Amino acid sequence: MIKNLFFGVLFVFFISSCASNKDLVYFKDVNRSVVSVESATVFTPVTIQPLDVLSINISSANADASAVYNRGVVSNNPTTASGTTDQVGTAFGYAVDQSGNIQLPIIGNVKAAGLTVTEFKQALTSLMAKYLKEPYVTVSIINFKVTVLGDVGRPGILRIQNERISFTDAISLAGDLTPTAVRNNILIIRELNGKRQFIPIDLTSKDVFNSPYFYLKNNDIIYVTPGKYKSNLAVDNFSRNFGIVSSIVSIAITIYFLIRK
């Protein structure tokens with residue numbers, strides 16, 4: 001009887017463990033028995049927005065003439081809206097004002113907001129050709145960041161070296177979801193053109209790769225909801241279940257021997 005009871009409880013334990021493990025799986029609807037091919041989401045370059053900070057480097061055949069336009073390349077330190085970093089760093093950039101302009105020495109206001117980095121680079125190169133011989137221009141957004149909050153391994157601010165980062169990249173950089181995180185209702189919070197969007201993302205479905213929100217924008221916030229049973233015991237589900245099984249088996253054995261007496 002004890003043997004049957006033990007194996008019965010052990011069976012229940014493994015069934016519950018398997019059910020819990022299924023809850024942790026990403027992209028559940030992918031057929032893993034064959035190679036499947038789907039069209040990939042086309043990356044849409046981000047557009048420059050007010051309060052972005054731009055690193056602009058301009059060179060030309062006359063180095064002295066172009067030097068006045070260069071304000072250096074910023075580091076990964078936190079950047080303020082004024083275009084300078086905080087006390088951690090000393091680098092500078094051009095801040096896009098609320099009207100969508102940057103102010104270049106000598107030239108004055110130049111429209112940047114609404115253009116991609118590539119489009120702005122091309123427009124600025126054409127503009128500088130009026131003032132410099134053979135200008136060469138590089139442009140990048142230096143305050144591009146994504147914030148990841150909630151039930152992840154390392155919540156915090158991700159400072160991105162370029163303008164291309166996907167939702168799955170950000171989750172990975174934040175240390176992945178914890179075992180207790182809710183995987184089918186993750187929020188992307190995005191502010192664009194004066195409006196705030198709350199966008200649900202389901203990481204258990206492969207449809208996330210086809211989402212128009214798969215690639216993130218500057219200042220996006222990702223919030224991962226903690227599961228209902230978020231606790232230290234829930235984090236180590238195996239240890240919890242094993243302890244329960246051990247207790248049940250011990251009680252069953254004790255009762256058995258008491259009955260035999």
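Two strands are taken to pair if DSSP finds at least two bridges between them. With that criterion in mind, the tour of this predicted model begins at a sheet.

**The sheet.** Select β1, β2 and β5: these three strands form an open sheet in the order β2-β1-β5, and their pairing is antiparallel. Colour β2 (94-95) and β5 (136-141) next; these are the edge strands, each of which pairs on one side only. Then restrict the view to β1, residues 53-59, and β5, where six bridges join the two antiparallel strands. Within this pair, display N57, which stands opposite T138 in β5.

**The helix on the sheet.** Add helix α3, residues 117-128, which packs on the sheet and touches both β1 and β5. The direction of α3 makes about 145 degrees with that of β5. Within helix α3, select L127. Leaving aside neighbours within four places in sequence, L127 is in contact with I107 and V110. A distance drawn between the C-alpha atoms of L127 and I107 should read 9.3 Å, the two residues being 20 apart along the chain.

**A buried glutamate.** Move now to the loop between β7 (156-159) and α4 (167-173), and select E163 there. Which side chain of opposite charge is nearest to E163? It is R164, 10 Å away; E163 is buried yet has no salt bridge. Show the side chain of E163 together with the backbone of I141: a polar atom of that side chain lies 3.3 Å from the backbone nitrogen of I141. To complete the surroundings, display F43, V46, V117, S140, I141 and F144, with which E163 is in contact once neighbours within four places in sequence are left aside.

Key:
Residues are numbered from 1 along each chain as its sequence is written. This is a predicted model: local features need pLDDT of at least 70, side-chain atom pairs count only at pLDDT 80 or more; totals for chains, interfaces and linings use all residues. Side-chain values use heavy atoms; hydrogens and water are left out. Helices (H or I, at least four residues) and strands (E, at least two) are DSSP runs, numbered from the N terminus. Buried means under 20% relative accessible area, exposed over 50%, partly exposed in between (1.4 Å probe, protein chains only). Lys and Arg count as positive and Asp and Glu as negative; His and the chain ends are not counted. A salt bridge is a side-chain nitrogen of Lys or Arg within 4 Å of a carboxyl oxygen of Asp or Glu. A polar contact is a pair of N or O atoms within 3.5 Å; within protein, one must be able to donate a hydrogen and the other to accept it, and residues adjacent in sequence count only if both atoms are side-chain atoms. Contact means heavy atoms within 4.5 Å. Axes are lines fitted to C-alpha atoms, for helices over the stretch in contact, and angles run from 0 to 180 degrees between N-to-C directions.
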